[in-house]
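Colleague: Please take me through one part of this model closely. I would like to follow the charged side chains, one step at a time.

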Amino acid sequence: MNVAGAPRFTIAGAERLAREFYGLALHAEPLPSERDQNFVLRDSSGPRFVLKIANREEALEVLDLQNKLLERLGRGNTGLAFPRLVAAQSGLEITPVAGEDEAAYFVRLLTWVEGVPMATVQPHSAGLLRSMGAGLARMQEALQDFQHPAAKRILYWDLRRASMAWRHLDLIPEPRRRLLQPFVDGWHSLDWDRLPPSVIYNDANDYNVLVDAAGTRVVSFLDLGDVVHTATVCDLAIAIAYAMLDKQDPIAAAAEVVRGYHEIRPLSEAEADALYTLAAARLCASVCYAANQIRQAPGNQYLYISNRPAWELLGKLASFPQGWPGEVFRRVCRYSKGARTAASLMESRRRLLGPSLSISYSEPLHIVRGWRQHLYDASGRRYLDCVNNVAHVGHAHPRVNEAAARQMALLNTNTRYLHENLAEYIERLTALLPPALSVVYLVCSGSEANELALRLARAHTGRDRIFVLDAGYHGNTSALIDISPYKFNGSGGRGKPAHVEIMPLPDVHRGPHRGPDAGSRYAAHVDDAIRRGGPPAAFFAESASGCGGQILFPPGYLAEAFAVVRQAGGVCVADEVQTGFGRAGSHFWMFETQGVVPDIVTMGKPIANGHPMGAVVTTRAIADSFANGMEYFNTFGGNPVSCAAGLAVLDVIRDEGLQQNALSTGDYLLAGLRDLARRFPAIEDVRGRGLFLGVELSDASTASALVERMKVSGVLLSTDGPLHNVIKIKPPIVFDRSDAAVLLSGLRTALSQNSI
Ligand code: PMP
């Protein structure tokens, strides 16, 4: 940027130029420009013209290029309003004048175009963003075949010449430089031969884009100072780079611009593919040039501030899964093979999928990627996932994926052969459990684990009767539906079978017992049940109730209940399908928080981060009772791929300190939620441990309204509990404090809205 050659005319000087050369007696008012000098000329009715005095280093032929472009755009059928060039009284379009510094300058006069800069309009609606893309496409159509010798110039804002910016990379300190590197590498891998060139506008930044007063439609693009002959797609890339700034969902905003553009002027597949790389390169080039400017003028605070949005955006883009933004653009342009609309997917589901399955949200989500604690949809939106307790160590964790994929490429078979993965997995798993729990069965789901636990308990005791906690859920098989009050007492359920006894859920908020001895009083119900109907084969309990509404049991509950059950010869089963593997934070297993050692522990969901796997761990005595000659064979259970995935999960929990993270993030979140509960009477109770938390609201409709509202703001939650009024928080345990802060502020905003 040639700031040194900028003209320095006074307001009076500009007014004199207007009078002398154009015969206009108008008031001049300076407009911001670093390189040139521009004045609005206004009369009592408002702005009329812009007087432009070019930088003294600007080549005359570049001004001619701009003039010819304006003329062409003025003639085009763009639906946009471009300034018209006004000749001086002499007939000249470009008038040379001497500045007060004696240097020669060139003056031009343009008509004023009504509108407001897009940068001053908030928020940018989807319609406005589409109109921006469409406007740019129309402008390019008008410029089709436009040629001018000055357009083929070397301009550092030409994205094809971004290597001029990369020269300044060294000026950017770490860790920021490292953040830029993948984007710069992406630029290096572009194949420019596949991107057809033309003369482009090259500067659709949101101060140059004019919109109507209502902020609904783009009316013009100003400032032709960066016009250049380069790959046509760069024009759109620059527009989306600016459209993404300061947006909660930058890719969704960019996708609207692309949609608007593509409808008018279809992008080729190669252009659609290059778009994101080019947009990111533009942001990188901006921060590189700014770094150079800062070096030249270290005192200029403005340079630090003006770059903040670009850095923030680059940081956000770097957190997105690789390839996802490009995939969104490919979908917009219909180049994504196999991609279908949400409506078509819904239709297929309705027509062909078993109907006994609900879908989340009134407007279902079409999720195409997961990465760490976020989910990414097909339209470019990112959601904070506070629900998924299966993607335990984060969605698409590379270590889990690599371990499973590597093994998948080598061998996947059943467990009738020797294999290291199986041996290592059962050794590692049992090492995480109390010594008495020493025998492992590997299965494929939480249901399979509980189904087997049921058989083990019955084989060991020779009894049939099962005690369960109210609102409990243990799985989807016939036998497990029979021991899941959540199901058999829920809609479509057939009620409690005779062999099942329901214990009240030890809920100190809603249930009958509170106070310091609540644990004992709840446990007394187990004793009563034995007295009334005889001893059970097993007492099945989640170590903290998920479907019951994130209920933590009062101290001593499981210890006393287990003692009574064992006294009667029964077996105690801890269902850790939701609660295991470090989620509790303070302990690896939730049962440990109750100071008990179960006879059987069942596991599922998080065990292999989404790969279907489950496990049952029990005592030698129970395993021996079960070994009556009938084999327990599970085709997929314990296969080397599952074991590889399971091992990787254990490694990641250890190496990334995720149990500790669940503890500290959970404590922080719990404190924040309790603070919200003090402010908002709609919250009746807040409870939980680690990253297993519940927020109980006054009623189901309040809870579901809150969940819907949070989805709109980009946060995914779910409701549960017998009254459907509990918001469950059980995210991947990589969820950190900044995520917790996003969740808390989202809840605060949603709860502040009147209807909640
Ligand atoms: N037990 C509990 C506590 C569960 O939450 C679930 C699943 N929601 C299951 C068992 C059954 O697991 P799966 O769906 O993997 O069969």
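Modeller: What follows is a walk through some charged side chains, paired and unpaired. Keep in mind that this is a predicted model.

Begin with the general idea. Side chains of opposite charge can pair when their charged atoms come close. How many salt bridges does the structure hold? The count is 36. We will look at three of them, then at a charged side chain that has none.

Start with Arg 428 and Glu 424. Their side chains meet in a salt bridge, with N and O 3.8 Å apart. The cut-off for a salt bridge is 4 Å, so this pair counts. Where do the two partners sit along the chain? Both belong to helix α14, which covers residues 420-431. Arg 428 and Glu 424 are four residues apart, so about one helical turn separates them. Now check how open they are. Arg 428 has a relative accessible area of 23%, so it is partly exposed. Glu 424 stands at 37%, and it too counts as partly exposed.

Next, find Arg 654 and Asp 651. These side chains also meet in a salt bridge, with an N to O distance of 3.4 Å. Helix α21 (residues 640-655) holds both. They are three residues apart there, which again means a separation of about one helical turn. Are these two buried or exposed? They split. Arg 654 is exposed, at 52% relative accessible area. Asp 651 is buried, at 19%. The cut-offs explain the labels: buried means under 20%, and exposed means over 50%.

Now put these two pairs together. Arg 428, Glu 424, Arg 654 and Asp 651 are among the members of one network of salt bridges. Which other residues belong to this network? Arg 399 and Asp 655 do.

The third pair is Asp 517 with Arg 521. Their side chains form a salt bridge at 3.4 Å, N to O. Asp 517 has 37% relative accessible area, so it is partly exposed. Arg 521 is partly exposed as well, at 36%.

Then turn to Asp 739, for contrast. It lies in helix α24, residues 737-752. Asp 739 is buried, yet it has no salt bridge. Why not? The nearest side chain of opposite charge belongs to Arg 382, and it is 6.6 Å away. A salt bridge needs 4 Å or less, so Arg 382 is out of range. What does Asp 739 touch instead? Leaving aside neighbours within four places in sequence, it is in contact with Gln 373, His 374, Leu 384 and Val 734.

One last stop: the ligand. Glu 542, Asp 575 and Lys 605 are among the residues that surround it. Others there include Ser 445, Asn 450, Tyr 473 and His 474. Look at the oxygen atoms of the ligand. One is 2.5 Å from a side-chain N or O atom of Ser 447. A ligand oxygen is also 2.8 Å from a side-chain N or O atom of Gln 578. Gly 446 takes part through its backbone, where an N or O atom lies 3.0 Å from a ligand oxygen.

To recap, Arg 428 and Glu 424 pair within α14. Arg 654 and Asp 651 pair within α21. The network links these four with Arg 399 and Asp 655. Asp 739 stays buried and has no salt bridge.

Key: Residues are numbered from 1 along each chain as its sequence is written. This is a predicted model: local features need pLDDT of at least 70, side-chain atom pairs count only at pLDDT 80 or more; totals for chains, interfaces and linings use all residues. Side-chain values use heavy atoms; hydrogens and water are left out. Helices (H or I, at least four residues) and strands (E, at least two) are DSSP runs, numbered from the N terminus. Buried means under 20% relative accessible area, exposed over 50%, partly exposed in between (1.4 Å probe, protein chains only). Lys and Arg count as positive and Asp and Glu as negative; His and the chain ends are not counted. Contact means heavy atoms within 4.5 Å. A residue is near a molecule or strand if one of its heavy atoms lies within 4 Å of it. A polar contact is a pair of N or O atoms within 3.5 Å; within protein, one must be able to donate a hydrogen and the other to accept it, and residues adjacent in sequence count only if both atoms are side-chain atoms.
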